Amino acid sequence: MKKTDKILCCCSWGCNRSVHAKYVLNLRGYSKVLTCGLEHTDLDSLMMLCDWADVVLVVGEQDLMDEVPAPYQYKAKLLP
C-alpha cells in the first residue's frame, strides 16, 4: 500500500479491530483511512465506502472476506 492510498479498514462490528488497524496505519503515515463493520453496515453505505477506497483491509478471519461486496473483492486484503 502507498501512503496516498485511501484505505477502508473493516472488521465485523467496526468497533475494535478495524479501529486499532486505523490507529496503527495513522501512526505509520497513512492519513486517508476509514473504518466500518462489514456485518453491521447497510449495503448502500458499504458499497459507497468500498467505492471510495483504493484498498479494503479486512481485519480478522478469512470468512469476513465473503462480506466484502462482490464488485470490490479485488480491492480486499486480509490482515489476520
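Where in the structure is the place of Tyr 72? I start with that residue, and I should say straight away that what we are looking at is a predicted model. Tyr 72 has its place in the loop between strand 3 and strand 4, and although it belongs to a loop, Tyr 72 counts as buried, with a relative accessibility of 12%. If you follow the chain back from Tyr 72 to Ala 53, you cover 19 residues in sequence, while in space the two C-alpha atoms are 9.4 Å apart.

Please stay with that loop for a moment, because the limit for calling a residue buried is under 20% relative accessible area and for calling it exposed is over 50%, and the loop gives us an example of each. Asp 66 is also found between strand 3, which covers 55-59, and strand 4, which covers 76-79, but Asp 66 has 66% relative accessibility and therefore counts as exposed. On the surface, Asp 66 takes part in a patch of negative charge, where it gathers with Glu 39, Glu 61, Asp 63 and Glu 67.

Let me move now to helix 1, which runs over residues 17-27 and includes Leu 27. Leu 27 counts as exposed, at 61% relative accessibility, and together with Tyr 23 and Val 24 it makes a nonpolar surface patch of about 330 Å². Leu 25 has its place in helix 1 as well, yet Leu 25 is buried, with a relative accessible area of 9%. Between Leu 25 and Ile 7 there are 9.2 Å from C-alpha to C-alpha, for a separation of 18 residues in sequence.

My last topic is the cysteines, and here a newcomer may well ask how many disulfides the structure holds. The count is 0, and two of the cysteines let us follow the reasoning. A disulfide needs a pair of cysteine sulfur atoms within 2.5 Å. For Cys 10, the closest cysteine sulfur belongs to Cys 36, and because the two sulfurs are 3.5 Å apart, they are too far from one another for a bond. For Cys 11, the closest cysteine sulfur is in Cys 15, at 6.9 Å, which again is too far for a bond. As for their surroundings, Cys 10 is buried, with a relative accessible area of 0%, and Cys 11 also counts as buried, at 2% relative accessibility.

Terms used. Residues are numbered from 1 along each chain as its sequence is written. This is a predicted model: local features need pLDDT of at least 70, side-chain atom pairs count only at pLDDT 80 or more; totals for chains, interfaces and linings use all residues. Side-chain values use heavy atoms; hydrogens and water are left out. Patches are made of residues with over 30% relative accessible area and no salt bridge: like charges are joined within 9 Å, nonpolar side chains (Val, Leu, Ile, Met, Phe, Trp, Tyr) within 5 Å. Accessible areas come from the Shrake-Rupley method with a 1.4 Å probe; for residues, only the protein chains shown count as cover. A salt bridge is a side-chain nitrogen of Lys or Arg within 4 Å of a carboxyl oxygen of Asp or Glu. Lys and Arg count as positive and Asp and Glu as negative; His and the chain ends are not counted. The place of a charge is taken as NZ of Lys, CZ of Arg, CG of Asp or CD of Glu. Helices (H or I, at least four residues) and strands (E, at least two) are DSSP runs, numbered from the N terminus. Buried means under 20% relative accessible area, exposed over 50%, partly exposed in between (1.4 Å probe, protein chains only).
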